[in-house]
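Q: Could you take me on a close look at one part of this structure, the surroundings of the first ligand? I am new to this, so please go step by step and link that part to what lies around it.

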Amino acid sequence: MNEQETLLSIKNLKTYFVNEDQVLKAVDDVSFDVKRGETLGIVGESGCGKSISCMSILKLVQSPNVRYEGGEILFEGKNTLKMTEKELRKLRGKEISVIFQEPMTALNPLYTVGDQMMEALKIHKKLSTKNAREKCVEYLEKVKIPMPKEMLNRYPFSLSGGMRQRVMIAMALITNPKLIIADEPTTALDVTIQAQILDLMNALKDVTGSSCIFITHDLGVISEMADRVVVMYGGKVCEVADTDVLFEHAMHPYTQGLIHSRPTSDYDGDRLQVIPGNVPSLNDKPAGCPFHPRCPYASKQCGEAFPPERVYPDGHRVSCWKYCNASEVQ
Ligand SMILES: Nc1ncnc2c1ncn2[C@@H]1O[C@H](COP(=O)(O)OP(=O)(O)OP(=O)(O)O)[C@@H](O)[C@H]1O
Ligand code: SF4
Ligand SMILES: [Mg+2]
(Lines give C-alpha, C1' and ligand atoms only; values in the text may rest on other atoms or scores of the structure.)
(Ligands and ions follow the chains in the order given, each with its own letter.)
Protein backbone atom coordinates (compact mmCIF):
# COMPACT_ATOMS: atom_id res chain seq x y z
CA MET A 1 0.00 0.00 0.00
CA ASN A 2 1.30 3.42 -0.95
CA GLU A 3 0.69 5.63 2.11
CA GLN A 4 1.10 8.78 0.05
CA GLU A 5 -1.47 7.94 -2.58
CA THR A 6 -4.50 10.19 -2.41
CA LEU A 7 -7.88 8.48 -2.12
CA LEU A 8 -10.09 11.53 -1.75
CA SER A 9 -9.41 15.10 -2.69
CA ILE A 10 -11.79 17.89 -1.77
CA LYS A 11 -10.96 21.06 -3.67
CA ASN A 12 -12.52 24.46 -2.98
CA LEU A 13 -15.82 22.94 -1.85
CA LYS A 14 -18.66 25.40 -1.35
CA THR A 15 -21.79 23.93 0.21
CA TYR A 16 -24.43 26.58 0.77
CA PHE A 17 -27.99 26.70 2.02
CA VAL A 18 -29.91 29.02 -0.26
CA ASN A 19 -33.13 30.55 1.03
CA GLU A 20 -35.31 33.18 -0.60
CA ASP A 21 -33.63 36.03 1.18
CA GLN A 22 -30.18 34.71 2.12
CA VAL A 23 -27.28 32.46 1.25
CA LEU A 24 -25.78 30.59 4.21
CA LYS A 25 -22.22 29.54 3.49
CA ALA A 26 -21.87 26.44 5.68
CA VAL A 27 -18.78 25.21 3.83
CA ASP A 28 -16.89 28.05 2.26
CA ASP A 29 -14.00 27.11 -0.05
CA VAL A 30 -12.76 24.07 1.82
CA SER A 31 -9.92 21.87 0.55
CA PHE A 32 -8.29 18.78 2.03
CA ASP A 33 -7.10 15.33 0.96
CA VAL A 34 -7.40 11.88 2.49
CA LYS A 35 -4.58 9.47 1.72
CA ARG A 36 -5.00 5.72 1.42
CA GLY A 37 -4.86 4.03 4.80
CA GLU A 38 -4.75 7.21 6.87
CA THR A 39 -7.14 8.52 9.50
CA LEU A 40 -7.80 12.19 8.97
CA GLY A 41 -9.31 13.96 11.98
CA ILE A 42 -11.57 16.98 11.53
CA VAL A 43 -11.96 19.13 14.60
CA GLY A 44 -13.68 22.39 15.46
CA GLU A 45 -16.43 23.77 17.64
CA SER A 46 -20.10 23.07 16.95
CA GLY A 47 -21.39 24.59 13.73
CA CYS A 48 -18.04 25.09 12.01
CA GLY A 49 -18.93 22.89 9.02
CA LYS A 50 -17.39 19.50 9.86
CA SER A 51 -20.45 17.37 9.12
CA ILE A 52 -21.67 19.35 6.11
CA SER A 53 -18.19 19.10 4.50
CA CYS A 54 -18.16 15.33 4.90
CA MET A 55 -21.80 14.71 4.07
CA SER A 56 -21.18 16.62 0.82
CA ILE A 57 -18.85 13.79 -0.28
CA LEU A 58 -21.81 11.51 -0.95
CA LYS A 59 -24.32 14.35 -1.36
CA LEU A 60 -26.02 13.28 1.87
CA VAL A 61 -26.78 16.76 3.21
CA GLN A 62 -30.42 16.57 4.24
CA SER A 63 -31.99 19.82 3.10
CA PRO A 64 -34.02 20.90 0.08
CA ASN A 65 -32.09 24.17 0.18
CA VAL A 66 -28.61 22.70 -0.09
CA ARG A 67 -26.54 23.78 -3.09
CA TYR A 68 -23.13 22.46 -4.00
CA GLU A 69 -22.07 25.80 -5.38
CA GLY A 70 -18.50 25.13 -6.30
CA GLY A 71 -15.40 23.03 -6.12
CA GLU A 72 -14.96 19.32 -6.67
CA ILE A 73 -14.74 16.15 -4.61
CA LEU A 74 -12.52 13.61 -6.32
CA PHE A 75 -12.88 10.05 -5.03
CA GLU A 76 -10.33 7.91 -6.85
CA GLY A 77 -10.19 10.69 -9.41
CA LYS A 78 -13.96 10.92 -10.07
CA ASN A 79 -15.96 13.98 -9.03
CA THR A 80 -18.79 12.79 -6.76
CA LEU A 81 -20.53 16.17 -7.06
CA LYS A 82 -21.11 15.42 -10.74
CA MET A 83 -22.34 11.85 -10.17
CA THR A 84 -25.93 10.77 -10.75
CA GLU A 85 -27.97 9.37 -7.85
CA LYS A 86 -27.46 5.88 -9.31
CA GLU A 87 -23.67 6.31 -9.36
CA LEU A 88 -23.69 7.67 -5.81
CA ARG A 89 -25.74 4.70 -4.58
CA LYS A 90 -22.99 2.40 -5.86
CA LEU A 91 -20.44 4.26 -3.77
CA ARG A 92 -22.56 4.49 -0.61
CA GLY A 93 -22.08 1.59 1.71
CA LYS A 94 -19.73 -0.19 -0.68
CA GLU A 95 -16.78 2.11 -1.33
CA ILE A 96 -17.62 4.73 1.29
CA SER A 97 -19.39 3.98 4.60
CA VAL A 98 -20.72 6.43 7.13
CA ILE A 99 -20.94 5.96 10.91
CA PHE A 100 -23.21 8.55 12.51
CA GLN A 101 -23.18 10.00 16.00
CA GLU A 102 -26.59 8.57 16.83
CA PRO A 103 -27.02 5.15 15.25
CA MET A 104 -30.81 5.25 15.58
CA THR A 105 -30.85 7.78 12.75
CA ALA A 106 -29.08 5.28 10.51
CA LEU A 107 -30.59 2.00 11.71
CA ASN A 108 -34.14 1.30 10.59
CA PRO A 109 -36.28 0.49 13.68
CA LEU A 110 -38.60 -1.73 11.59
CA TYR A 111 -35.95 -4.24 10.52
CA THR A 112 -33.76 -6.63 12.48
CA VAL A 113 -30.03 -6.11 12.74
CA GLY A 114 -29.52 -9.13 10.48
CA ASP A 115 -31.85 -7.83 7.74
CA GLN A 116 -30.05 -4.49 7.70
CA MET A 117 -26.57 -5.92 7.72
CA MET A 118 -27.37 -8.44 5.02
CA GLU A 119 -28.97 -5.90 2.70
CA ALA A 120 -25.68 -4.19 1.87
CA LEU A 121 -23.99 -7.52 1.28
CA LYS A 122 -26.73 -8.76 -1.01
CA ILE A 123 -26.80 -5.53 -3.02
CA HIS A 124 -23.09 -4.77 -3.23
CA LYS A 125 -21.44 -8.14 -2.89
CA LYS A 126 -24.15 -10.33 -4.44
CA LEU A 127 -23.87 -12.89 -1.63
CA SER A 128 -26.47 -15.61 -1.01
CA THR A 129 -28.53 -15.34 2.20
CA LYS A 130 -26.51 -18.12 3.83
CA ASN A 131 -23.14 -16.57 2.99
CA ALA A 132 -24.36 -13.13 3.96
CA ARG A 133 -25.51 -14.43 7.37
CA GLU A 134 -22.12 -16.01 7.99
CA LYS A 135 -20.36 -12.80 7.06
CA CYS A 136 -22.62 -10.80 9.42
CA VAL A 137 -21.82 -13.14 12.31
CA GLU A 138 -18.10 -12.80 11.52
CA TYR A 139 -18.31 -9.00 11.64
CA LEU A 140 -20.44 -8.92 14.78
CA GLU A 141 -17.74 -11.06 16.39
CA LYS A 142 -15.11 -8.61 15.18
CA VAL A 143 -16.88 -5.77 17.02
CA LYS A 144 -17.06 -8.03 20.09
CA ILE A 145 -20.82 -8.49 20.26
CA PRO A 146 -21.66 -11.41 22.52
CA MET A 147 -23.91 -14.08 20.97
CA PRO A 148 -23.72 -12.66 17.43
CA LYS A 149 -26.16 -15.17 15.94
CA GLU A 150 -28.88 -14.03 18.35
CA MET A 151 -28.04 -10.42 17.61
CA LEU A 152 -29.06 -10.89 13.98
CA ASN A 153 -32.68 -11.38 15.08
CA ARG A 154 -32.87 -8.36 17.35
CA TYR A 155 -34.37 -4.96 16.59
CA PRO A 156 -32.28 -1.81 17.12
CA PHE A 157 -34.53 -0.40 19.89
CA SER A 158 -33.75 -3.39 22.10
CA LEU A 159 -30.02 -2.57 22.12
CA SER A 160 -28.00 -0.24 24.35
CA GLY A 161 -26.30 2.80 22.78
CA GLY A 162 -22.91 1.07 22.86
CA MET A 163 -24.29 -2.10 21.21
CA ARG A 164 -26.04 -0.06 18.50
CA GLN A 165 -22.80 1.75 17.77
CA ARG A 166 -20.96 -1.59 17.50
CA VAL A 167 -23.59 -2.79 15.04
CA MET A 168 -23.13 0.43 13.03
CA ILE A 169 -19.37 -0.11 12.93
CA ALA A 170 -19.83 -3.73 11.84
CA MET A 171 -22.22 -2.55 9.12
CA ALA A 172 -19.80 0.14 8.00
CA LEU A 173 -16.91 -2.31 7.71
CA ILE A 174 -18.65 -5.36 6.32
CA THR A 175 -18.41 -4.29 2.68
CA ASN A 176 -14.72 -3.53 3.15
CA PRO A 177 -15.04 0.13 2.13
CA LYS A 178 -12.10 2.21 0.97
CA LEU A 179 -13.26 5.15 3.08
CA ILE A 180 -15.13 5.31 6.40
CA ILE A 181 -16.64 8.62 7.46
CA ALA A 182 -17.13 8.54 11.24
CA ASP A 183 -19.11 11.60 12.35
CA GLU A 184 -18.73 11.93 16.14
CA PRO A 185 -19.19 8.16 16.46
CA THR A 186 -18.70 8.05 20.22
CA THR A 187 -19.99 11.41 21.44
CA ALA A 188 -23.32 9.98 22.60
CA LEU A 189 -21.67 7.21 24.63
CA ASP A 190 -20.35 7.20 28.17
CA VAL A 191 -16.60 7.49 28.65
CA THR A 192 -15.85 3.79 29.23
CA ILE A 193 -17.85 2.60 26.22
CA GLN A 194 -16.33 5.43 24.18
CA ALA A 195 -12.81 4.19 24.97
CA GLN A 196 -13.77 0.62 24.03
CA ILE A 197 -15.27 1.69 20.71
CA LEU A 198 -12.25 3.85 19.84
CA ASP A 199 -9.87 0.96 20.57
CA LEU A 200 -12.02 -1.29 18.46
CA MET A 201 -12.09 1.14 15.52
CA ASN A 202 -8.32 1.53 15.65
CA ALA A 203 -7.79 -2.22 15.71
CA LEU A 204 -10.22 -2.88 12.86
CA LYS A 205 -8.82 -0.10 10.71
CA ASP A 206 -5.35 -1.57 11.06
CA VAL A 207 -6.67 -4.89 9.78
CA THR A 208 -8.78 -3.57 6.90
CA GLY A 209 -6.42 -0.78 5.76
CA SER A 210 -9.41 1.50 5.08
CA SER A 211 -8.98 5.26 5.16
CA CYS A 212 -11.07 7.11 7.70
CA ILE A 213 -12.32 10.64 8.22
CA PHE A 214 -12.91 10.99 11.94
CA ILE A 215 -15.00 14.00 12.92
CA THR A 216 -15.02 15.18 16.53
CA HIS A 217 -14.95 18.31 18.63
CA ASP A 218 -12.76 16.45 21.15
CA LEU A 219 -9.02 17.01 20.73
CA GLY A 220 -8.26 14.14 23.12
CA VAL A 221 -10.03 11.74 20.77
CA ILE A 222 -8.23 13.27 17.77
CA SER A 223 -4.83 12.71 19.39
CA GLU A 224 -5.65 9.00 19.79
CA MET A 225 -7.26 8.39 16.44
CA ALA A 226 -5.86 10.66 13.74
CA ASP A 227 -2.67 10.64 11.68
CA ARG A 228 -3.41 14.13 10.39
CA VAL A 229 -5.81 16.83 11.47
CA VAL A 230 -7.91 19.45 9.70
CA VAL A 231 -9.02 22.30 11.97
CA MET A 232 -12.18 24.09 10.82
CA TYR A 233 -13.77 27.34 11.91
CA GLY A 234 -16.69 29.27 10.40
CA GLY A 235 -16.95 26.99 7.37
CA LYS A 236 -13.25 27.42 6.55
CA VAL A 237 -10.12 25.32 7.03
CA CYS A 238 -7.74 27.19 9.35
CA GLU A 239 -4.97 24.66 9.74
CA VAL A 240 -3.90 21.20 8.55
CA ALA A 241 -0.98 19.28 10.04
CA ASP A 242 0.24 15.86 11.12
CA THR A 243 -1.27 15.14 14.53
CA ASP A 244 1.98 15.28 16.51
CA VAL A 245 3.03 18.48 14.71
CA LEU A 246 -0.34 20.07 15.47
CA PHE A 247 -0.11 19.35 19.18
CA GLU A 248 3.54 20.48 19.41
CA HIS A 249 3.49 23.44 17.01
CA ALA A 250 -0.06 24.65 16.46
CA MET A 251 0.20 27.84 14.43
CA HIS A 252 -3.34 29.14 14.00
CA PRO A 253 -4.62 31.14 16.98
CA TYR A 254 -7.88 29.15 16.91
CA THR A 255 -6.02 25.81 17.08
CA GLN A 256 -3.86 27.19 19.87
CA GLY A 257 -7.02 28.24 21.72
CA LEU A 258 -8.55 24.77 21.31
CA ILE A 259 -5.39 23.09 22.59
CA HIS A 260 -5.12 25.42 25.59
CA SER A 261 -8.75 24.91 26.52
CA ARG A 262 -8.43 21.13 26.76
CA PRO A 263 -7.84 19.37 30.07
CA THR A 264 -4.67 17.26 29.94
CA SER A 265 -3.57 14.24 32.00
CA ASP A 266 -1.71 16.52 34.45
CA TYR A 267 -4.73 18.84 34.72
CA ASP A 268 -4.66 20.20 38.27
CA GLY A 269 -8.25 21.41 38.49
CA ASP A 270 -7.40 25.08 37.83
CA ARG A 271 -9.73 26.94 35.50
CA LEU A 272 -9.04 26.14 31.87
CA GLN A 273 -8.28 28.90 29.41
CA VAL A 274 -11.40 29.01 27.25
CA ILE A 275 -11.62 30.80 23.93
CA PRO A 276 -13.68 33.92 24.63
CA GLY A 277 -16.85 34.52 22.62
CA ASN A 278 -18.95 32.17 20.52
CA VAL A 279 -18.95 30.60 17.10
CA PRO A 280 -20.75 33.05 14.78
CA SER A 281 -24.07 31.97 13.28
CA LEU A 282 -24.12 31.55 9.52
CA ASN A 283 -26.41 34.52 8.93
CA ASP A 284 -24.11 36.76 10.92
CA LYS A 285 -20.68 35.58 9.82
CA PRO A 286 -17.99 38.26 10.19
CA ALA A 287 -16.20 39.48 7.07
CA GLY A 288 -12.55 38.56 6.57
CA CYS A 289 -11.18 35.90 8.89
CA PRO A 290 -14.28 34.56 10.69
CA PHE A 291 -12.26 34.12 13.89
CA HIS A 292 -11.29 37.79 14.13
CA PRO A 293 -13.87 38.87 16.76
CA ARG A 294 -12.40 36.24 19.13
CA CYS A 295 -8.75 36.42 18.13
CA PRO A 296 -6.17 38.07 20.43
CA TYR A 297 -3.94 38.85 17.43
CA ALA A 298 -6.59 40.36 15.14
CA SER A 299 -5.49 43.34 13.07
CA LYS A 300 -7.48 45.61 10.76
CA GLN A 301 -6.57 43.41 7.82
CA CYS A 302 -8.15 40.38 9.53
CA GLY A 303 -11.61 41.97 9.46
CA GLU A 304 -11.28 42.83 5.77
CA ALA A 305 -10.17 39.73 3.91
CA PHE A 306 -9.71 36.02 4.50
CA PRO A 307 -5.97 35.27 4.62
CA PRO A 308 -4.31 33.30 1.81
CA GLU A 309 -3.16 29.86 2.84
CA ARG A 310 0.49 29.29 3.57
CA VAL A 311 1.80 25.77 2.88
CA TYR A 312 5.06 24.60 4.47
CA PRO A 313 7.37 21.93 3.02
CA ASP A 314 6.16 19.29 5.53
CA GLY A 315 2.57 19.81 4.37
CA HIS A 316 1.58 21.97 7.38
CA ARG A 317 -1.05 24.43 6.09
CA VAL A 318 -2.27 27.53 7.87
CA SER A 319 -4.60 30.38 6.93
CA CYS A 320 -3.81 33.35 9.15
CA TRP A 321 -2.55 36.85 8.35
CA LYS A 322 0.09 36.45 11.07
CA TYR A 323 1.98 34.05 8.81
CA CYS A 324 1.55 36.00 5.62
CA ASN A 325 4.15 38.31 7.09
CA ALA A 326 7.56 36.93 6.01
CA SER A 327 9.11 37.34 9.47
CA GLU A 328 6.67 34.87 11.05
CA VAL A 329 7.97 31.37 10.33
CA GLN A 330 6.92 27.91 11.42
N1 LIG B 1 -30.29 22.21 6.77
C2 LIG B 1 -29.62 23.30 7.14
N3 LIG B 1 -30.08 24.54 6.82
C4 LIG B 1 -29.40 25.64 7.19
N5 LIG B 1 -28.23 25.62 7.87
C6 LIG B 1 -27.74 24.42 8.22
C7 LIG B 1 -28.40 23.20 7.88
N8 LIG B 1 -27.66 22.16 8.35
C9 LIG B 1 -26.59 22.72 8.96
N10 LIG B 1 -26.64 24.07 8.87
C11 LIG B 1 -25.65 25.01 9.39
O12 LIG B 1 -24.41 24.75 8.75
C13 LIG B 1 -23.35 25.01 9.65
C14 LIG B 1 -22.41 23.84 9.64
O15 LIG B 1 -23.08 22.74 10.20
P16 LIG B 1 -22.37 21.36 10.52
O17 LIG B 1 -23.46 20.41 10.83
O18 LIG B 1 -21.45 21.01 9.42
O19 LIG B 1 -21.53 21.72 11.81
P20 LIG B 1 -20.58 20.78 12.67
O21 LIG B 1 -19.22 21.37 12.61
O22 LIG B 1 -20.73 19.37 12.19
O23 LIG B 1 -21.15 20.96 14.13
P24 LIG B 1 -21.48 19.90 15.30
O25 LIG B 1 -20.18 19.74 16.05
O26 LIG B 1 -22.51 20.59 16.11
O27 LIG B 1 -21.95 18.63 14.68
C28 LIG B 1 -23.96 25.30 11.00
O29 LIG B 1 -23.95 26.69 11.20
C30 LIG B 1 -25.37 24.78 10.87
O31 LIG B 1 -26.26 25.54 11.65
S1 SF4 C 1 -6.15 35.98 10.37
FE2 SF4 C 1 -6.12 37.48 12.01
S3 SF4 C 1 -8.01 37.14 13.15
FE4 SF4 C 1 -7.68 35.34 11.88
S5 SF4 C 1 -6.61 33.97 13.22
FE6 SF4 C 1 -5.04 35.09 12.09
S7 SF4 C 1 -4.51 36.83 13.38
FE8 SF4 C 1 -6.44 35.98 14.15
MG1 LIG D 1 -21.58 17.67 13.03
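A: Here is a walk through the ligand site, followed by the parts of the protein around it.

Please keep in mind that this is a predicted model. Let us begin with the shell of ligand 1, which is made up of 13 residues, with Ser46, Gly47, Lys50, Ser51 and Ile52 as the closest. Sorted by class, this shell holds 5 nonpolar, 5 polar and 3 charged residues. Helix H1, covering residues 50-55, gives the largest share of the shell, namely 3 residues.

Now look at individual atoms. The backbone of Gly47 has a polar atom 2.8 Å from an oxygen atom of ligand 1. Gly49 also offers a polar backbone atom, here 3.1 Å from an oxygen atom of the ligand. With Lys50 it is the side chain that takes part: an N or O atom in it is 2.8 Å from an oxygen atom of ligand 1. On its own, ligand 1 would expose 640 Å², and the protein buries 66% of that.

Let us follow the chain onward from helix H1. Lys59 sits in the loop between H1 and strand E4 (66-75). Its phi angle is near 50 degrees, a positive value in a residue that is not glycine. Is Lys59 buried, partly exposed or exposed? It counts as partly exposed, because its relative accessibility is 25%, and the buried class needs a value under 20%.

Lys59 has a neighbor in space that makes a good contrast: Thr80 touches Lys59, and also Ser56, Ile57, Ile73, Phe75, Leu88 and Leu91, leaving aside residues up to four places away in sequence. Thr80 belongs to the loop between strand E5 (78-79) and helix H2 (85-91). Being in a loop does not put Thr80 on the outside here, since its relative accessibility is 0% and it therefore counts as buried.

One of the residues that Thr80 touches, Ile57, leads us into the protein's interior. The largest nonpolar core has 36 residues, and Ile57 is among those touching the most other members, together with Leu8, Phe32, Leu179, Ile181 and Ile213. Strand E2 (residues 23-35) supplies the largest share of this core, 6 residues. Try finding Ile213 in the picture: its contacts, not counting residues up to four places away in sequence, include Leu8, Phe32, Cys54, Ile57 and Leu179. There is also a second, separate core of 35 residues, including Leu140, Ile180, Val221 and Met225.

Another residue with a positive phi angle is Asn12, where phi is near 50 degrees and the residue is again not glycine. Asn12 lies in strand E1, residues 6-18. With a relative accessible area of 40%, Asn12 is partly exposed.

To finish, compare the site with the shell of ligand 2. Among the residues around ligand 2 are His252, Cys289, Phe291, His292, Cys295, Cys302, Cys320 and Trp321. By class, this shell has 10 nonpolar and 2 polar residues, and no charged ones. The shell of ligand 1, in contrast, includes 3 charged residues. Setting these two lists side by side is a nice way to practice reading a binding shell.

Conventions. Residues are numbered from 1 along each chain as its sequence is written. Chains are lettered from A and ligands numbered from 1 in the order in which they are written. This is a predicted model: local features need pLDDT of at least 70, side-chain atom pairs count only at pLDDT 80 or more; totals for chains, interfaces and linings use all residues. Side-chain values use heavy atoms; hydrogens and water are left out. A nonpolar core is a set of buried Ala, Val, Leu, Ile, Met, Phe, Trp, Tyr and Cys residues joined through side-chain atoms within 4.5 Å. Buried means under 20% relative accessible area, exposed over 50%, partly exposed in between (1.4 Å probe, protein chains only). Helices (H or I, at least four residues) and strands (E, at least two) are DSSP runs, numbered from the N terminus. Contact means heavy atoms within 4.5 Å. A residue is near a molecule or strand if one of its heavy atoms lies within 4 Å of it. A polar contact is a pair of N or O atoms within 3.5 Å; within protein, one must be able to donate a hydrogen and the other to accept it, and residues adjacent in sequence count only if both atoms are side-chain atoms. Accessible areas come from the Shrake-Rupley method with a 1.4 Å probe; for residues, only the protein chains shown count as cover. Ala, Val, Leu, Ile, Met, Phe, Trp, Tyr, Cys and Pro count as nonpolar, Asp, Glu, Lys and Arg as charged, and the others, Gly among them, as polar.
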